[in-house]
Amino acid sequence: MSNADDRFAPPERLVRTLGSGPAEGAEHQWLASLPERVHRFAERWELAPERVHVPGGRSSVVVLAHRADGTGAVLKLEVPGEAAALEGAALAQWNGLGAARVLEAEPAEGALLLERLRAGVSLRSLAEQKAVLEATATLQRLWVRPADDHPFTSVADHTLELARAMRERRDEPWATDARAVVDEALELRDALAADAGAGTEEPVSLLHGRYEQGKVLAGERAPWLAVGPRPLVGERAYDLAWLARDRVDTLMASPGAAAIARRRVAKLADALDVDRDRLRGWTLFRTAEAGIRELAHGARARGELLLEFAGML
């Protein structure tokens with residue numbers, strides 16, 4: 001590999017995440033092809049690539065670059081597939097409203113060219129109260145009506161698959177202590193999915209899917225813009241749930257953590273006119289699902305922390 005190619009080798013975090021599968025698998029092949037892909041798209045879109053942003057994400061690589069006219073841009077490459085295509089579709093529908101703007105896209109190859117944001121400056125750099133205010137304001141801009149021919153999965157269908165995996169994992173020996181909160185989460189999910197929208201005027205919205213403070217970056221044309229969606233369509237309480245458990249490490253280390261967690265849910269629900277009980281239910285489900293998944297992947301400390309938070313709600 002040439003020195004020029006070395007600049008665009010995948011970051012260590014990405015290799016750890018995607019490189020654990022079989023050596024002949026598609027993800028290994030994609031990782032090995034990344035330097036060539038960077039050069040190919042740089043030529044296609046007339047980019048001057050600078051460097052890979054590190055530590056980066058766990059499912060994609062981000063390359064800082066400049067366009068032919070000198071403006072900054074970001075080349076994002078992800079393993080080709082549905083997730084990459086849906087991210088591009090959501091960003092295209094938002095068209096810069098509350099989210100990074102798409103400049104070029106090759107969905108079939110998992111490639112997006114996005115406007116350049118300040119990759120190292122997210123809402124996590126702000127004090128919590130200010131960060132929450134900015135996060136809720138940005139999230140409201142994303143909640144638009146999806147196009148009639150949209151390709152996005154519904155919250156009900158997506159969480160049905162998550163619930164199936166949770167039921168399988170709850171019976172594992174290492175999940176014994178988590179079963180009570182997992183069972184509550186599963187019951188809440190079934191009830192929430194069964195009566196979604198019942199008795200409310202809330203329209204079905206396009207959702208970010210993984211909205212948290214770290215997914216909102218400082219920009220030039222707008223102070224804060226969202227990145228990295230895993231879009232769904234459904235009720236807004238589901239989208240707000242990930243924000244409700246943000247900075248969970250700090251929260252759990254605070255005196256009176258349970259009361260703080262419940263107040264946070266109530267304040268977020270009131271701020272964005274979302275039903276408190278539904279936000280509490282989706283927060284518990286999403287946090288418990290993440291916790292049991294972390295345990296399954298061997299991240300015991302993180303999994304137990306998330307499950308403890310879910311149990312406080």
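This is a short chat about how to read a few features of a predicted model.

User: What should I keep in mind before I start?

Analyst: This is a predicted model, where local features need pLDDT of at least 70 and side-chain atom pairs count only at pLDDT 80 or more, while totals for chains, interfaces and linings use all residues. Residues are numbered from 1 along each chain as its sequence is written, and side-chain values use heavy atoms, with hydrogens and water left out.

User: Okay, helices. How many residues does α4 have, and what span should they give?

Analyst: Helices here are DSSP runs of H or I with at least four residues, strands are runs of E with at least two, and both are numbered from the N terminus. The expected span is 1.5 Å times one less than the number of residues. For α4, 13 residues should span 18 Å, and the end C-alpha atoms are indeed 18 Å apart. Then try α10: its 15 residues reach 21 Å from first C-alpha to last, close to the 21 Å expected.

User: Which residues of α4 are buried?

Analyst: Buried means under 20% relative accessible area, exposed means over 50%, and partly exposed is in between (1.4 Å probe, protein chains only). In α4 the buried ones are Ala84, Leu86, Glu87, Gly88, Ala90, Leu91 and Trp94. Here's the general idea for spacing: an α-helix has 3.6 residues a turn, so residues three or four places apart point the same way.

User: And what covers those buried residues of α4?

Analyst: Contact means heavy atoms within 4.5 Å. The cover includes β3 (72–78), β4, β5 (111–115), α5 and β7 (205–207).

User: What is unusual about the phi of Asn95?

Analyst: Most residues other than glycine have a negative phi. Asn95 isn't a glycine, yet its phi is positive, about 50°. You'll find Asn95 in the loop between α4 (82–94) and β4 (102–106). Glu46 is another case, with a positive phi of about 55°, and it sits in the loop between α3 (26–44) and β1 (47–52). Glu46 counts as exposed, at 55% relative accessibility. Just after α10, Asp273 takes a positive phi of about 55° too.

User: Now pockets. How much space lies in the second largest one?

Analyst: On a 1 Å grid over the protein atoms alone, a pocket is an open set of points where a 1.4 Å probe fits, with protein on both sides within 12 Å along at least five of seven lines; lining residues have an atom within 4 Å of a point. Points are joined across faces, edges and corners, and the volume is the space filled by probe spheres set on them. Here that comes to about 350 Å³. Of the 14 lining residues, the closest to the centre are Gln129, Val132, Arg264, Lys267 and Leu268. The elements giving two or more lining residues are α5 (128–142) and α10 (257–271), and α10 gives the most, with 6.

User: Is Arg189 buried or exposed?

Analyst: Arg189, in helix α7 (residues 179–194), is buried, with a relative accessible area of 7%. Its side chain makes a polar contact of 3.0 Å with the side chain of Thr159. That term means a pair of N or O atoms within 3.5 Å; within protein, one must be able to donate a hydrogen and the other to accept it, and residues adjacent in sequence count only if both atoms are side-chain atoms. Leaving out residues up to four places away in sequence, Arg189 touches Ala156, Thr159, Leu160, Ala163, Trp282 and Phe285.
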